Amino acid sequence: MSIFSKIAEGEIPSYKCAENEEFYAFLDINPMVKGHTLVIPRREVDYIFDMEDDELARFEVFAKKVAVAIKAAFPCVKVGQAVLGLEVPHAHIHLIPMQSEKDMNFANSKMSLSAEEMKEIAEKIYKEFSK
Ligand code: 5GP
């Protein structure tokens with residue numbers, strides 16, 4: 001089982017931002033900015049472009065709802081989306097509240113936030129997602 005499957009199953013703790021039967025969203029443990037969120041399918045698949053068209057479409061629609069919630073919780077110019085998958089072999093979309101294009105540079109140093117801050121951020125996004 002991949003580390004992200006374990007997260008979606010609740011075997012490994014995460015800061016939950018949104019979920020439905022098929023997909024799960026949680027805070028990146030090493031955020032580039034406050035609100036940096038990962039969206040995953042519960043089904044284990046490594047490469048996003050191996051997903052069937054229908055599943056990929058539902059994945060993107062779910063990510064859109066999470067992005068709307070992130071933008072409401074953390075006002076920004078736009079929420080950027082990126083797919084890398086170089087580290088974790090379980091498809092995931094990075095959603096990143098952007099003030100400028102610099103916020104999308106994955107070579108940036110990552111933020112170090114306390115557990116309390118992470119909890120507050122995730123709860124804010126979850127609240128907006130649940131509206
Ligand atoms: P990528 O596979 O897209 O290149 O990078 C994986 C991303 O997942 C990184 O931004 C990393 O910080 C994040 N990540 C890796 N392991 C964990 C984890 O156990 N929990 C959480 N919340 N994020 C993780």
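## Val66, inside helix 2

Let's start with Val66, which you'll find in helix 2, the run covering residues 53-73. This is a predicted model, and in it Val66 has a relative accessible area of 0%. Buried means under 20%, so Val66 counts as buried.

Who keeps Val66 company? Setting aside neighbours within four places in sequence, Val66 touches Ala18, Ala25, Thr37, Val39, Leu95 and Phe129. Leu38 is worth finding too: Val66 and Leu38 sit 28 residues apart in sequence, with 9.6 Å between their C-alpha atoms.

## His36 and its loop

Next, look for the loop that links strand 2 (23-27) to strand 3 (37-41), because that's where His36 is buried, at 2% relative accessible area. The His36 side chain reaches back to Met32, meeting its backbone nitrogen at 3.0 Å.

Once neighbours within four places in sequence are left out, His36 still has a good list of contacts: Leu27, Asp28, Asn30, Pro31, His94, Leu95, Ile96 and Pro97. One of these, His94, also pairs up with His36 side chain to side chain, in a polar contact of 2.9 Å.

## His94, the partner in strand 5

So is His94 buried or exposed? With a relative accessibility of 7%, His94 is buried. This residue belongs to strand 5, which spans residues 93-98. Seen from this end, the polar contact is again the one between the side chains of His94 and His36, at 2.9 Å.

His94 has other company as well. Not counting neighbours within four places in sequence, its contacts are Asp28, His36, Thr37, Leu38, Gly80, Gln81, Ala82, Leu84 and Phe106. Asp28 turns up here, and Asp28 is also in contact with His36.

## The ligand and its surroundings

Where does the ligand go? Look in the largest pocket, because that's where the ligand sits. The ligand has 16 residues around it, and the closest are Leu27, Asp28, Glu87, His92 and His94. That puts His94 in two stories at once: among the closest residues to the ligand, and joined to His36 by a polar contact.

Which helix gives the most to the shell around the ligand? That's helix 1, with three residues. Helix 1 covers 3-9, and strand 2 also supplies at least two residues of the shell.

Some backbone atoms come within polar reach of the ligand. Leu27 has a backbone N or O atom 2.9 Å from one of the ligand's nitrogen atoms. For Glu87, a backbone N or O atom is 2.9 Å from an oxygen atom of the ligand, while for Gly85 the distance from a backbone N or O atom to a ligand oxygen is 3.1 Å. On its own the ligand has 520 Å² of accessible area, and the protein covers 87% of that.

## Out in the open: Glu101

To finish, here's a residue in another setting. Glu101 lies in the loop between strand 5 and helix 3 (115-129). Its relative accessibility is 72%. Exposed means over 50%, so Glu101 counts as exposed.

How far apart are the C-alpha atoms of Glu101 and Phe23? They are separated by 27 Å, and along the chain the two residues are 78 residues apart. For a quick contrast on your tour, Glu101 is exposed, whereas Val66 is buried.

Conventions
Residues numbered from 1 in each chain as written. Predicted model: local features only at pLDDT ≥ 70, side-chain atom pairs only at ≥ 80, totals over all residues. Heavy atoms only, no water. Helix = DSSP H or I, 4+ residues; strand = E, 2+ residues; numbered from the N terminus. Buried < 20%, exposed > 50% of the residue type's maximum accessible area, 1.4 Å probe, protein only. Polar contact = N/O pair within 3.5 Å; in protein donor to acceptor, adjacent residues only side chain to side chain. Contact = heavy atoms within 4.5 Å. Near = heavy atom within 4 Å. Areas by Shrake-Rupley, 256 points an atom, 1.4 Å probe, with all protein chains shown as cover. 1 Å grid on protein atoms, 1.4 Å probe; cavity = no way out; pocket = protein on both sides within 12 Å on 5 of 7 lines; lining within 4 Å. Sits in = over half its atoms within 2 Å of the grid points.
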